[in-house]
Amino acid sequence: MKRFRPEQIAGQKVDGRSDLFSLGVVFFELFTGHVPFQGDSLMATLLKHTEEPPPLEGPGSEGLPPGVVPVLRKALAKLPEERWS
């Protein structure tokens with residue numbers, strides 16, 4: 001499955017922080033059994049990646065240990081500068 005990064009979708013430069021976003025998606029999927037951003041079409045999925053916060057609380061977050069949520073929040077930040085460098 002193709003992993004999208006918000007900055008990649010916007011046509012901006014990608015770097016190691018982009019890989020952290022992808023890793024956050026993989027970890028989210030490992031804990032919950034589904035990806036954090038999934039739409040009915042490719043365009044809907046891309047919009048979710050760029051506009052919607054990850055479902056780290058409430059519906060869709062079942063299976064996430066509380067201690068993992070802050071780590072995923074940082075890894076799945078929409079702006080690369082809000083992720084670890």
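**Exercises on a four-helix chain**

The protein chain exposes about 5,100 Å² (Shrake-Rupley method, 1.4 Å probe, only the protein chains shown counting as cover for residues), and 60% of this area comes from carbon and sulfur atoms. The model is predicted: local features need pLDDT of at least 70, side-chain atom pairs count only at pLDDT 80 or more, and totals for chains, interfaces and linings use all residues. Residues are numbered from 1 along each chain as its sequence is written, and side-chain values use heavy atoms, without hydrogens and water.

**Exercise 1.** Determine which pattern the protein chain follows along the sequence.

*Solution.* Step 1: count 4 helices and 0 strands (DSSP runs numbered from the N terminus: H or I, at least four residues; E, at least two). Step 2: reading along the sequence gives α-α-α-α. Step 3: the radius of gyration over C-alpha atoms is 12 Å, close to the 12 Å of the globule rule (2.2 Å times the number of residues to the power 0.38) for 85 residues, so the chain is as compact as a globular protein of that length.

**Exercise 2.** Identify the residues of the largest nonpolar core.

*Solution.* Step 1: such a core joins buried (under 20% relative accessible area, 1.4 Å probe, protein chains only) Ala, Val, Leu, Ile, Met, Phe, Trp, Tyr and Cys residues through side-chain atoms within 4.5 Å. Step 2: its 10 residues are Phe-21, Val-25, Phe-28, Phe-37, Leu-56, Leu-64, Val-68, Val-69, Leu-72 and Leu-76. Step 3: α2 (16–32) and α4 (69–75) each supply at least two of them; α2 gives the most, with 3 residues.

**Exercise 3.** State which residues Leu-72 touches, not counting residues up to four places away in sequence.

*Solution.* With contact taken as heavy atoms within 4.5 Å, Leu-72 touches Gly-24, Phe-27, Phe-28, Leu-56 and Leu-64.

Terms used: Buried < 20%, exposed > 50% of the residue type's maximum accessible area, 1.4 Å probe, protein only.
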